[in-house]
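Welcome! Below are some exercises with worked solutions, meant to be read with the structure open beside you. Try each task before you read on.

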Amino acid sequence: MDDQTRPASVQTIAAQAFAAQERITNAVIPPIHMSATFLRDADNGYAKGYVYGRTDNLSVQQAERLMTSLEGADEALLFGSGMAAATAIFLALDKPVHIVASQVMYWGFRSWLRQISRYGHSVTFVETSDLDAVRAAVRPGETGLFWIETPSNPLWTITDVAAVAEIAHACDAVLCVDSTVATPIFTRPLALGADIVMHSATKYLNGHSDVIAGALCVARQDHLWERIRRTRGQLGSALGGFEAWLLMRGMRTLDVRVRRQAQTAASLAARLSGHPALSAVLYPGLEQHAGHAVALRQMTGGFGGMLSIRVENGELAAIAVAASVQLWKRATSFGGIESLIEHRASIEGEGSPCPGDLLRLSVGLENADDLYLDLKRALDVAA
Ligand SMILES: Cc1ncc(COP(=O)(O)O)c(C=O)c1O
């Protein structure tokens with residue numbers, strides 16, 4: 001490929017993602033489109049294609065175009081939350097199917113899937129890092145959808161996307177990947193054979209903990225995708241214009257943010273390993289992590305900004321560590337600029353499969369030594 005034909009890289013597309021210049025002022029940054037409705041033309045039509053705000057919003061479309069580029073997708077759709085995006089797929093299926101899903105995944109979505117039978121579907125949860133278990137879960141003629149999350153909350157289990165795509169496609173099923181933690185910077189699931197990628201855009205894509213949003217990105221626009229689009233319009237679950245504008249602002253710096261966060265996470269994982277107060281450090285970038293070999297193959301340029309630690313003395317000691325750090329903020333969610341620490345079992349509640357001694361760490365953009373020393377101080381006390 002010569003210099004003339006080389007397409008712009010995603011970093012360049014993201015950095016310059018201001019779509020169209022605003023023609024009245026020549027503003028470099030586009031305005032926020034908030035109109036709920038649009039004027040009809042003299043001939044009673046809508047030649048510009050914008051009719052009503054529930055389905056048509058230019059700020060949303062501009063952010064969707066950037067999302068499409070980031071994932072190398074055919075098209076992307078933005079939703080009012082990650083949950084709205086994920087559930088739209090299942091609400092759009094036109095007949096009852098059997099679903100094979102990761103056992104370890106975001107608890108809120110797992111809870112929703114557990115009651116999927118009310119929509120006529122059935123689900124089998126398996127350890128999707130174990131490909132034999134995935135194959136064994138298939139019900140020929142019934143399995144229509146695979147749902148995997150990789151790296152998955154909160155153990156950062158790695159599932160081999162290409163291998164599961166092969167299993168899914170052998171039974172004519174669709175593979176959906178929750179790639180929220182990996183981000184398009186470290187994994188491109190569509191290039192590995194997935195059909196739909198889902199993101200809680202609330203996390204790294206926006207990156208500033210000030211927007212709730214979700215995204216779906218599709219490899220090829222097909223019948224299911226058209227139904228998803230229609231479902232979003234009918235349910236009114238699209239993202240709003242202001243949130244889309246903020247999300248686009250966030251996505252433009254995604255590359256630099258997540259690379260730095262992954263770098264800091266890797267250094268913390270290495271430095272915390274072997275601390276006497278800890279029984280385990282879970283991070284896919286560590287050689288001892290069960291998914292490391294697949295992660296090395298599947299993740300390019302980093303292993304993400306999320307890690308978990310397990311506190312030797314159990315649940316109360318873990319909660320005490322979370323309560324005694326100063327820089328790490330004690331809150332749920334992840335992927336923002338500020339580092340967060342969370343005792344996951346407390347938020348997941350009764351019946352949670354999350355170990356009680358586990359603390360989830362979302363690494364932000366603070367200085368790596370500051371973060372390490374703050375945590376080490378709390379762990380030294382626990383030890
Ligand atoms: C991996 C993952 N997927 C999906 C979701 C749901 O996204 P949202 O909170 O934007 O609805 C979350 C939320 O924490 C998540 O962590």
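Helices (H or I, at least four residues) and strands (E, at least two) are DSSP runs, numbered from the N terminus. This is a predicted model, in which local features need pLDDT of at least 70, side-chain atom pairs count only at pLDDT 80 or more, and totals for chains, interfaces and linings use all residues. Residues are numbered from 1 along each chain as its sequence is written, and side-chain values use heavy atoms, with hydrogens and water left out.

**Exercise 1. Find the cis peptide bonds in the loop between β4 and α6.**

Step 1. Go to P151, which sits in the loop between β4 and α6. The peptide bond from T150 to P151 is cis, with omega near -15 degrees.

Step 2. Move along to P154, also placed in the loop between β4 and α6. Here a cis peptide bond joins N153 and P154, and omega is about -10 degrees.

**Exercise 2. Describe the surroundings of strand β5.**

Step 1. Begin with the pairing rule: two strands pair if DSSP finds at least two bridges between them. In general, strands of a sheet pair through backbone hydrogen bonds, either parallel or antiparallel.

Step 2. Look at strand β4 (residues 143-149), which pairs with β5 in the parallel sense over five bridges. In this pairing, E149 stands opposite D178 in β5.

Step 3. Now take strand β6 (residues 196-200): β5 and β6 pair in the parallel sense over three bridges. V177 has V197 in β6 opposite it.

Step 4. Add the helix. Together, β4, helix α6 (residues 161-170) and β5 make a right-handed β-α-β unit. Right-handed means that, with the strands pointing away from the viewer, the path from the first strand over the helix to the second runs clockwise.

Step 5. Check the burial, where buried means under 20% relative accessible area, exposed over 50%, and partly exposed in between (1.4 Å probe, protein chains only). Four of the five residues of β5 (residues 174-178) are buried, so this strand is largely enclosed by the rest of the structure.

**Exercise 3. Compare D172 and T183: is each one buried or exposed, and what is its phi?**

Step 1. D172 lies in the loop between α6 and β5. Its phi is near 55 degrees, a positive value in a residue other than glycine. D172 is exposed, with a relative accessible area of 74%.

Step 2. T183 belongs to helix α7 (residues 183-186). T183 is not a glycine either, yet has a positive phi of about 65 degrees. With a relative accessible area of 2%, T183 is buried.

Step 3. Ask what T183 touches, taking contact as heavy atoms within 4.5 Å. Leaving aside neighbours within four places in sequence, T183 is in contact with H199, Y204 and V258.

**Exercise 4. Work out the open sheet that contains β12.**

Step 1. Read off the order: five strands form an open sheet, β8-β9-β12-β11-β10, with mixed pairing. At the edges stand β8 (278-282) and β10 (329-330), each with a single partner strand, so one side of each is left without a neighbour in the sheet.

Step 2. Pick one pair inside the sheet. Strand β9 (residues 306-311) and strand β12 (residues 358-362) pair in the antiparallel sense over five bridges. The bridge partner of M306 in β12 is S362.

**Exercise 5. Which partners do R135, D195 and D374 have in salt bridges?**

Step 1. Set the rule: a salt bridge is a side-chain nitrogen of Lys or Arg within 4 Å of a carboxyl oxygen of Asp or Glu. By this rule the count comes to 16 salt bridges.

Step 2. R135 pairs with D132, the closest N and O atoms being 2.9 Å apart. Both lie in helix α5 (residues 131-137), three residues apart, about one turn of the helix.

Step 3. D195 meets R220 in a salt bridge (3.0 Å, N to O). D195 lies in the loop between α7 and β6 and R220 in the loop between β7 (214-218) and α8 (223-235), so the pair ties together parts that are 25 residues apart in sequence. D195 is buried at 10% relative accessibility, whereas R220 is exposed at 53%.

Step 4. D374 forms a salt bridge with R377, with the closest N and O atoms 3.8 Å apart. D374 is buried, with a relative accessible area of 1%, while R377 is exposed, at 53%.
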